[in-house]
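Reader: Hi! I have a structure open and I'm not sure where to begin. Could you walk me through it?

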Amino acid sequence: MKKLAQIIIFQLVLINSISGQQWTPDLGNGNFKNPIIYADYSDPDMVKVGDDFYMVASSFNCMPGIPILHSKDMVNWEIVNHVYQSLPLEKYDKTAHGQGAWAPSIRYHNNKFYVYFCTPYDGLFMATTDDPRNDWELTHVVDSEMWEDPCPLWDDDGNAYLVRGKLCGNDLILHKMSKDGKKLLDNGVLIYRDKENDPIIEGPKFFKKDGYYYILAPAGGVGEGWQTALRSKNIYGPYERKTVLHKGNTEINGPHQGGLVDLDSGESWFAHFQELKPNGRIVHLNKVEWVDGWPLMGKDINKDGIGEPQIEYKMPNVGKKYPVKTPQTTDEFNTKKFGLQWQWQANPKNEWYSISDNGNIRLNAVQNITKEGNLYYAPNLLLQKFPGPDFMATTKVSFKGDLVGDKGGLVVMGRSWTSLYITKNETGFKLEMSKSDNNKCDGIAEVIASIAIDNEDVYLRVKIVGNTIGQYEYSLDNKNFRVIGDEFNTKEGVWIGAKVGLFCVNPNIQQSKGFTNFDWFRVE
């Protein structure tokens, strides 16, 4: 009875907590609330071109990589593209958790868009395009290790430079570049190191304003750090420093690393992240006031001369009001491409999936024999970011198993994960809920609940409350849903937030002809 009572209470909490509306920062009254994106768009950087704003974010091992978001007012964002579909290195054909693209920067120069990024062990990359919504040309500039977080600057005389950090370091390095930005011309010069005031300085963003070279760089670490501003009249320094944003008296931990833009109206704004596990690094927007040549971000609440992040503001003055938009989540699979919100755990392959004219996506039972089908090692999980603190995701599944052990369904993925799926056994089909983690010596999925099932179509659902608590449900008619398995705690991934999505795998040595059709995936 005690267990039943706990389940009933948990269901009531879920019902009352999930409002059916996605997190929407635009309050509709001329104001907005932070975060502007309650999802894992880590290490954001943005650029203004005309009346358009473009934002990029880290993608690590997730493919396609480096999402590009577009906005007209810096509050209402949608995903419009990715910089690349896959990385041109064989290692990313498998799950390389925590590697891949770190802290990209985006700039606009001579009618071209530029994105620069490093991977921790593969070096420096850059990509260019005339239109961020079209294909990007990707160049592997330097093959190196332990570089991170590059940002270019084209000076007034046309010369090009690149500032970058060092993995696990306290140094900022400046390189000269070719004017087309495709080649480094020197080994780099150390331009800033201050271990006492700025330990673990990283993520530099480079720009020039009113005769000063500025570098905005987060310091002190992801969860508890602050935003440092550096300035100098000489590009090689020496650089003065000032802390311009910190937690202060607020509850917003580690506010730093982002992009600053100036508006035609004279306003300046800074988009930055806050680490909020397990959702990941969510995006805040704070107004910037220039005081004595320094960017004061947010509001100096406790009068210590340092800005503190704010929860609510008047909308940025961009000259007009624009429609409410949020990054995409729901996908009806009614077109020949799945939505831009989806990413795989590795370089994608065409044989993993197909999209039919009937409006569904078919995921094939891809062979995954590592730890008897442990999903942490499966490259073919189709995942998207948690879209807010409370949400419900439902999908319609039609499972066609071939070999015993084939399975397909719904997954919540991170350093530990859970799944709800249909699987084939010796006598028929079962609906199972399981959980696992990335323990290198164990970690094989533990089945928590299992029931026999013979329906062709099943509706699978997961509810997440307060970022961290989840519960699976299923239905045979999409009306009456039943709880299956225990509630569970969600967990972030390696440098990324928890994700939710779809999968179909085969844990056998033999190749399978099995597959799972997903008619739609709906987020409320």
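**Starting from one loop**

Author: Happy to! Let's begin with Ile496, which is found in the loop between β34 (482-489) and β35 (499-506). Keep in mind that this is a predicted model.

Reader: Okay, found it. Is Ile496 buried or exposed?

Author: Ile496 counts as buried, because its relative accessibility is 14% and buried means under 20%.

Reader: And how many residues apart in sequence are Ile496 and Pro255?

Author: They are 241 residues apart in sequence, and their C-alpha atoms are 17 Å apart in space.

Reader: Which cavity has Ile496 among the residues closest to its centre?

Author: That is the second largest cavity, which has 15 lining residues; the closest to its centre are His97, Gln345, Met413, Gly493 and Ile496. About 110 Å³ of space lies in this cavity. Its lining has 6 nonpolar, 7 polar and 2 charged residues.

Reader: How does anyone find empty space inside a model, anyway?

Author: Rolling a probe the size of a water molecule over the atoms shows where empty space is left.

Reader: Nice. How many cavities of 30 Å³ or more are there?

Author: The count comes to 4. The largest cavity has a volume of about 130 Å³. It is lined by 15 residues, and Gln22, Ala39, Pro327, Thr329 and Pro387 are the closest to its centre.

Reader: What kinds of residues make up the lining of that largest cavity?

Author: There are 9 nonpolar, 5 polar and 1 charged.

Reader: Let's switch to pockets. What volume does the largest pocket have?

Author: Its volume is about 540 Å³. The lining of this pocket counts 22 residues, and those closest to its centre are Arg107, Leu153, Phe206, Phe207 and Lys208.

Reader: Which strands supply at least two residues of the lining of that pocket?

Author: β2 (45-49), β6, β10 (147-154), β14 (205-209) and β18 (256-262) each do. The largest share comes from β14, with 5 residues.

Reader: How do the residues of that pocket's lining divide by class?

Author: They divide into 11 nonpolar, 2 polar and 9 charged.

Reader: You mentioned β6. Which sheet is β6 in, and what is the strand order?

Author: β6 belongs to an open sheet of 4 strands, ordered β6-β7-β8-β9, with antiparallel pairing. β6 (102-109) and β9 (137-142) stand at the edges with a single partner strand each, so one side of each has no neighbour in the sheet. From one strand to the next, the twist averages 20°.

Reader: What does the pairing rest on?

Author: Strands of a sheet pair through backbone hydrogen bonds, either parallel or antiparallel.

Reader: Can we go through this sheet pair by pair? How many bridges join β6 to β7?

Author: There are 6 bridges between β6 and β7 (residues 112-119), and the two strands run antiparallel. As an example, Ser105 stands opposite Tyr116 in β7.

Reader: And what joins β7 to β8?

Author: A hairpin does, through 3 residues. The strands β7 and β8 run antiparallel and are joined by 7 bridges. Thr119 stands opposite Gly123 in β8.

Reader: How many residues of β8 are buried?

Author: In β8 (residues 123-129), 7 of its 7 residues are buried. On to the last pair: 5 bridges join β8 to β9, again antiparallel. One of the pairs here is Ala127 with its bridge partner Leu138 in β9.

Reader: What about β14, the strand from the pocket? What is the order of the strands in its sheet?

Author: The order is β14-β15-β16-β17, in an open sheet of 4 strands with antiparallel pairing. Here β14 and β17 (240-245) are the edge strands, and each has a single partner, so one side of each is left without a neighbour in the sheet. Neighbouring strands in this sheet are turned by 30° against each other on average, ignoring direction.

Reader: Which residue is the bridge partner of Leu216?

Author: Ala229 in β16. The antiparallel strands β15 (residues 212-219) and β16 (residues 226-232) are joined by 7 bridges.

Reader: Last one! Which residues touch the most other members in the largest nonpolar core?

Author: Val462, Tyr472 and Phe521 do, in a core of 39 residues. Another core lies apart from it, with 22 residues, among them Ile36, Met46, Leu263 and Ala271.

Definitions and conventions:
Residues are numbered from 1 along each chain as its sequence is written. This is a predicted model: local features need pLDDT of at least 70, side-chain atom pairs count only at pLDDT 80 or more; totals for chains, interfaces and linings use all residues. Side-chain values use heavy atoms; hydrogens and water are left out. Two strands pair if DSSP finds at least two bridges between them. Axes are lines fitted to C-alpha atoms, for helices over the stretch in contact, and angles run from 0 to 180 degrees between N-to-C directions. On a 1 Å grid over the protein atoms alone, a cavity is a set of points where a 1.4 Å probe fits but cannot get out, and a pocket is an open set with protein on both sides within 12 Å along at least five of seven lines; lining residues have an atom within 4 Å of a point. Grid points are joined across faces, edges and corners, and a volume is the space filled by probe spheres set on the points. Ala, Val, Leu, Ile, Met, Phe, Trp, Tyr, Cys and Pro count as nonpolar, Asp, Glu, Lys and Arg as charged, and the others, Gly among them, as polar. A nonpolar core is a set of buried Ala, Val, Leu, Ile, Met, Phe, Trp, Tyr and Cys residues joined through side-chain atoms within 4.5 Å. Buried means under 20% relative accessible area, exposed over 50%, partly exposed in between (1.4 Å probe, protein chains only).
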